[in-house]
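Hello,

Please find the structure below, with the sequence alongside. My notes on the ligand site and on two backbone details follow.

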Amino acid sequence: MCGIVGYTGPRQAYPVVVKGLKRLEYRGYDSAGVALVNGDLKVFKKKGKVADLEENNVGKDLNGHIGIGHTRWATHGEPSDRNAHPHQSQSGELAMIHNGIIENYAQIKQELLSKGYTFKSDTDTEVLLNFIDDIKKNNNCSVEEALRIALKRVVGAYCILLISKDDPETIIAARKGSPLVIGIGKGEHFLASDASPIIEYTKEVVYVNDYEIAIVRPDELILKNLGNEKQTPYITKLDMELAKIEKGGYEHFMLKEIHEQPETIHDCLRGRLQVETGEIKMGGIQNHIDALVNADRILMVACGTSWHAGLIAEYVFEELCRIPVEVEYASEFRYRNPVVKKGDVIIAISQSGETADTLVALEKAKEQGAFIFGVVNVVGSSIARISHAGAYTHAGPEIGVASTKAFTGQLAVLMMMALKIGYAKGTISKERYLHLMNELDAVPDKVKQILADTSNIERIANKYKDATDALFLGRGYNFPVALEGALKLKEISYIHAEGYPAAEMKHGPIALVDENLPVVFVATKDSYYEKIISNVQEIKARKGRVVAVASEGDNVITTMSEDVMFVPECDEVIAPLLSTIPLQLLSYYVGVAKGYNVDMPRNLAKSVTVE
Ligand code: F6R
């Protein structure tokens, strides 16, 4: 959360930085700001989106060949002009942007207040900046040295970019816990929270590591550790296309990403799922097959939608591999005292690969001897790098804040993993293994079928858009799909929604049911089908409005439901890959019908790099 961009080189910095901020706006959109050096240090900032900042800057002198910019997801201090980044030091000499949280800022602020400092904002960032400036003055040292000293005192997470009035060429950056990528151009450098603002200028990038400081000039990049020792920058080639981060004719990124799923799932399976030979080729699994086959226990660690992918994987792994699975919220796991031992395998699931809670949970488990397997979308991200092994989801950049194609990518990877491990372990027959491989292989075409005509789902969305609450119910493999459906509706349409196992509804939530409550059943043909039909009857008997996700050709559920969204039939193990698609579309169309910004829902941000 929070997006940061920097530029130093021969171009005008402002347009580069602003364009980059628009690409990073999914990370937060409470306020935006830019600082430039051109003779003087100038700061422009505004509450709201990057477009509001641009509008506010019309007619101003925005010249300068060095600049830093920030798009904010508020942590300390409400969204406002004064809390927007960049912040300027009291001396007026330095400007800084920050993504992260300085946990001991209150104590440092107290010390600075007692020295006579005053603060214009409520942010932890302004405190850190004045702390650096104070160290610089007191020690008569360079900004770089002052930063190094300051960071040794800092508790928390940060990625910061710092520029100074007296140096029209240098950006000083530092990272711990929050991501930073540096793009290497010809006589110019680009800095950003992820590669999307950089991709159109260069494909050569350096991912800065925790506890590193980067001194970046147009023709020079120096990396050092906090001990002031030079580090060799490791240059990586970006494998990302510009077209993938643009809307490509769709009204919203979310809709584009939903419609990309036949292709992204296909990309995820390609080269791995080899139906003709009956092989699943996944290097990360093959190289560690003993650890995985002999695992005493698997712990899935994740947050949000990725946690739901973990819940589905729990059903799949227990069924196919007969290994006990526990699914953990990373934020809980990291703070309790979990029992983790050698022989445990942790599967970390994350789209961004930067979620702070997941990252810290993994570090903790790693210290205790667990084997970490990362299922990550963003290549080169922190979680990908700290894992012992892993498999990328290959869903491509996901810009819409609500996760869609990354979720189905996670499911596809996890299902292939379970199949490969189960077959190696001998817990599934060859026949079932080959059958499920074929079923997985057919998913991209079946998703295409669902997406071919979405008008029925749009109609249903318009019909229920004014509901104040909704229940989502499912059983077995479709229970976590119900949870995910409820989460999507909440985040995109701001309708209160709850997901439950369908049978559990009798133990409380059924009290909510009346003639106004939409109850969405995820009821595809599976071994739980007869049971869930009874649950549908129970809701109908109480006049609830039943909406169903059902298998094509199901004539029974149509007689009991006000509305039905059909998906092609498939094996129940694979079903979540299909049954989740109508629910993504339902929440999308409800959000649009209500006039909300579905790509940037209120209060949210993608890539939650604060705890
Ligand atoms: C919901 C959503 C979030 C993320 C969660 C974890 O649509 O996107 O719930 O799933 O913040 O993020 P990652 O997967 O990046 O670790």
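Serine 350 is a good place to start: an N or O atom in the side chain of this serine is 2.6 Å from an oxygen atom of the ligand. Please keep in mind that the model is predicted, and that distances and areas here are computed from it.

Two other contacts of this kind are worth looking up. In the side chain of glutamate 491, an N or O atom is 2.5 Å from an oxygen atom of the ligand. With serine 403 the backbone is involved, since a polar backbone atom of that residue is 2.9 Å from a ligand oxygen atom. The ligand taken alone exposes 400 Å², and the protein buries 87% of that area.

As for where the ligand is, it sits in the second largest pocket. Two elements, α10 (304-321) and α18 (479-493), each give two or more residues to the shell around the ligand. Of these, α10 gives the most, with three residues.

The shell as a whole can be described as follows:

- 14 residues surround the ligand, and the closest are Ser306, Ser350, Ser352, Thr355 and Glu491.
- Eight of the shell residues are polar, four are nonpolar and two are charged.
- Domain 2 (247-451) and domain 3 (453-611) each supply at least three residues to the shell.

The remaining two items concern the backbone. The peptide bond from histidine 85 to proline 86 is cis, with omega near -5°. You will find proline 86 in the loop between β4 (66-72) and β5 (87-88).

The other item is asparagine 140, which has a positive phi of about 50° although it is not a glycine. Asparagine 140 is also in a loop, the one that runs between α4 (124-139) and α5 (143-153).

If you open the model with the ligand in view, serine 350, serine 403 and glutamate 491 are the residues to select for the contacts listed above.

Regards

Conventions
Residues numbered from 1 in each chain as written. Predicted model: local features only at pLDDT ≥ 70, side-chain atom pairs only at ≥ 80, totals over all residues. Heavy atoms only, no water. Near = heavy atom within 4 Å. Polar contact = N/O pair within 3.5 Å; in protein donor to acceptor, adjacent residues only side chain to side chain. Areas by Shrake-Rupley, 256 points an atom, 1.4 Å probe, with all protein chains shown as cover. 1 Å grid on protein atoms, 1.4 Å probe; cavity = no way out; pocket = protein on both sides within 12 Å on 5 of 7 lines; lining within 4 Å. Sits in = over half its atoms within 2 Å of the grid points. Helix = DSSP H or I, 4+ residues; strand = E, 2+ residues; numbered from the N terminus. Nonpolar A, V, L, I, M, F, W, Y, C, P; charged D, E, K, R; others polar. Domains from an automatic or database assignment.
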